[in-house]
Amino acid sequence: MKYESQRVAWYFFATCMLLFSLQIVYGFIMGFAHAGHDVLHEWIPFHTARATHTNLLVMWLLAGFMGAAYFIVPEEADRELYWPKLAYVQWAALVIVGVTAVIGFHFGWWEGRKFLEIPRPLDYLVVVDVLAFVINIGMTIWKGRRVTTTSSVLFFGLLMAAVLYLPGMIPTDNQTMDSYWRWWVVHLWVEGVWELIMGGILSYLLIKLTGMDREIVEKWLYVIVGLTFLSGILGTGHHYYFIGTPRYWLMIGGIFSALEPLAFLGMAMYAITIARRGGRQHPNRTALAWTVGCGVISFVGAGFLGFAHTIPQVNLYTHGTLVTAMHGHMAFWGAYAMLVLAIIAYATPALTGRRLHDRPAATFAFWTSNIGMIAMTLALAVAGVTQVVLERRVGMEFLDVQREIEMHFWGLIMAAALFTLGIGAYIWNFVQHGWPKGELEGGEGQPRQEIAKQPASDDAAAVPAE
Amino acid sequence: MLSKSAARAFFVGGTALCSLAFIGLTVDTIGRIPAQTHEENLTPAVIRGKNLWDESNCMGCHTLLGEGAYYAPELTRVYERRGPEFIAAMLRDPAAMYPGARRMEQYDFTDEEIADLVAFLAWVNEMDLNGFPAPPTLASAAAPSASSTSPVASGAGRPRVFEQMCVACHAIDGRGGSVGPALDGVADRVEPDFFERWLRDPAAVRPGTAMPRLPLSDAQLAELVAFLSQQHTEGAE
Ligand code: HEM
Ligand code: HEM
Ligand SMILES: [Fe+2]
């Protein structure tokens, strides 16, 4: 850590830990409901649990992205945040809006639109809050001593994420138009601009963790995000097959979305190659594991499992079944949850000044949560494929099929328990690090790393390990 | 070797081109959606129904147009599948229609609100969805008693109201729900006058029964009684 104002990132990361834990609780509520034990129905009916589960997910990921930006951008721009106090205010506002939204869901204060359940008045507050964040980051870069590709890609991703929140607020009476705009948010986020954020954070982590030449890392960053937009923008069409939109989307959406895995493949190869070739052995191996894991699992969850149901002929039968939930879990986990956990694993020792990243709990967290998530995906895959065959192909009644697949939800619950154990260890490790009292660079007498391959252009030499 | 500026040009150029194409297609799509979704039938009742659909977060359990949650049945074609009376009964008291099954939310809708939601689902039912939901192609394989040579594997000759309301709970020819007993050969099991008494008020015949009293017109009732009376086991016909 080089700058005082980077400290605010810790508050965002702590918020992530809290919201993530709550998200998991609501996941279990739904898992038990699917397994035939909807015991909390009177207090937390399924639709409340679902809105809470998914919105907490989006909130903690956004909080993680913001924390990451507050941590990364000062270092990249070589200056303090432009308005350090605003960052704290913006954090507090985010927490207040988030908590209000989640409490509101329990009293039916929502818009019944998947992933965009936050009611309209709070939407405006979200926009104001995100604007404050983006402007602060933007000013820091603008007034900084240098503008790096990593920070501009990150900034562009964050800015576009904010802009793309707006189409979700276009009023319409037609359910098809409603859906049409909803995908501008949901799809263009996860398969578009969030990938820029992902690329930016990954490239920062790879430069810091491996000492690889910045020019090379950033060149490939452009290629990957180029592939993302080339396939992802028109790939939105894979949500326009069957919602009352013209037939040509079957062709356009099918072709372009089938290319989307390329971007994720690029991301995975990028992480693996750089991690192997990088000249420097950074002591924080856990952060590197999460970084490379993010590249790999995002390819499996988003690229491979997304491809599995993106062809129109397949999607005709899998559309709106548990197959989608299977893909949704692993894609969000691999691409964005692991990304946030990677930057937290990297930043926490620097922010707190305590280097506990090599504790057994940290390694345990990585493996257990990933094995747990793979098992969850398998359980949902079996349930999903069975549902597709029995309900969509054979024509059995919905509820009869659900009874057939109930037992797979016990499998899901067991896998989720393993996953939760891993996340518990992660959070424990985070808590042990304590408050963000780390000293600024050099203060701790941490040995400066020798760089094997001295990159001509980069700051890698100037910046010590953390 | 690819240079960084060439990589940047690839990114900026590709993004600009695709964004333009996407915006162009969006303009075209917005022009075509009214015809494909029959926007001319978007009456005030349908719009009120859509708003109720949103406020009640039905999508938090159901899918509509294949979007939503995977806890409760797909509702895109529910109007055709179950008919307006069944849907209305469902919204009034879900537990009565599916006793002992997964719990739907018990709303306190007024009759007008129920009519609005039914109007909304009727409007969605008419949309041209490029073939979704697809007919179950393996259906005849699973129900061998339904002759695969008949033009419509299931439903041939059955009253429409039976296909909509009764199959939710009863199976026949191997297809349908499992809340009540299968109705194949039911005419062999009961007295001829049972059907009319039963359908008018099940609880009066067997107190405490799980079969609800369904909203049936006299014409529908007569049609059903005639149909059920013919349900003898094969061979006896
Ligand atoms: C990190 C990236 C990704 C994430 C987080 C993600 C997540 C999700 C989620 C949550 C849904 C359900 C959305 C809803 O119904 O509202 C979904 C649907 C879908 N995704 Fe992805 N996805 C990603 C990448 C991909 C990729 C690369 C592909 C294709 C190659 C893909 C193909 C699909 C398809 C076809 C659907 C629609 C499923 C249906 O018809 O029900 N996804 N995705
Ligand atoms: C650990 C325990 C978890 C359990 C038991 C669980 C269970 C569930 C269940 C039952 C659903 C609802 C499916 C339906 O509509 O019927 C769901 C939805 C969802 N969950 Fe989880 N979940 C867990 C953790 C997570 C995590 C860690 C993530 C993200 C990284 C996640 C992301 C999602 C998403 C994106 C959806 C919406 C999927 C879609 O609409 O297609 N969940 N979860
Ligand atoms: Fe998508």
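Is E191(A) buried or exposed? Select E191(A) to begin: with 14% relative accessibility, E191(A) is buried (under 20% relative accessible area; exposed is over 50%, partly exposed in between, with a 1.4 Å probe and protein chains only).

Before moving on, a word about what is on screen: this is a predicted model, in which local features need pLDDT of at least 70 and side-chain atom pairs count only at pLDDT 80 or more, while totals for chains, interfaces and linings use all residues. Residues are numbered from 1 along each chain as its sequence is written, chains are lettered from A and ligands numbered from 1 in the order in which they are written, and side-chain values use heavy atoms, with hydrogens and water left out.

**Stop one: the iron ion**

Now add H187(A), which is buried at 0% relative accessibility. H187(A) and E191(A) sit four residues apart, about one turn, in helix 6 (residues 175-210) of chain A; helices are DSSP runs of H or I, at least four residues, numbered from the N terminus. Next, show ligand 3, an iron ion whose protein donors come from H187(A) (ND1), E191(A) (OE, listed twice), H238(A) (NE2) and H239(A) (NE2), at 2.1 to 2.8 Å. Donors here are N, O and S atoms within 2.8 Å of the metal (3.2 Å for Na, K and Ca); water is not among the atoms, so sites may look incomplete.

**Stop two: the iron of ligand 1**

From the iron ion (ligand 3), move 4.4 Å to the iron atom of ligand 1. Its only protein donor is H327(A), through NE2 at 2.0 Å. H327(A) belongs to helix 11 (residues 322-352) of chain A.

**Stop three: H319(A)**

Select H319(A), in the loop between helix 10 (312-318) and helix 11 of chain A. H319(A) is buried, at 11% relative accessible area. Its side chain reaches across to the backbone oxygen of L65(B) at 2.8 Å.

**Stop four: where the chains meet**

Finally, colour by chain. In contact (heavy atoms within 4.5 Å) are 79 residues of chain A and 76 residues of chain B. Helix 7 (residues 214-235) of chain A gives the largest share of chain A's side, 13 residues. Between the two chains there are six salt bridges, each a side-chain nitrogen of Lys or Arg within 4 Å of a carboxyl oxygen of Asp or Glu. To see a salt bridge, select D178(A) and K50(B), whose side chains meet at 2.6 Å, N to O.

Methods: Helices (H or I, at least four residues) and strands (E, at least two) are DSSP runs, numbered from the N terminus. A polar contact is a pair of N or O atoms within 3.5 Å; within protein, one must be able to donate a hydrogen and the other to accept it, and residues adjacent in sequence count only if both atoms are side-chain atoms.
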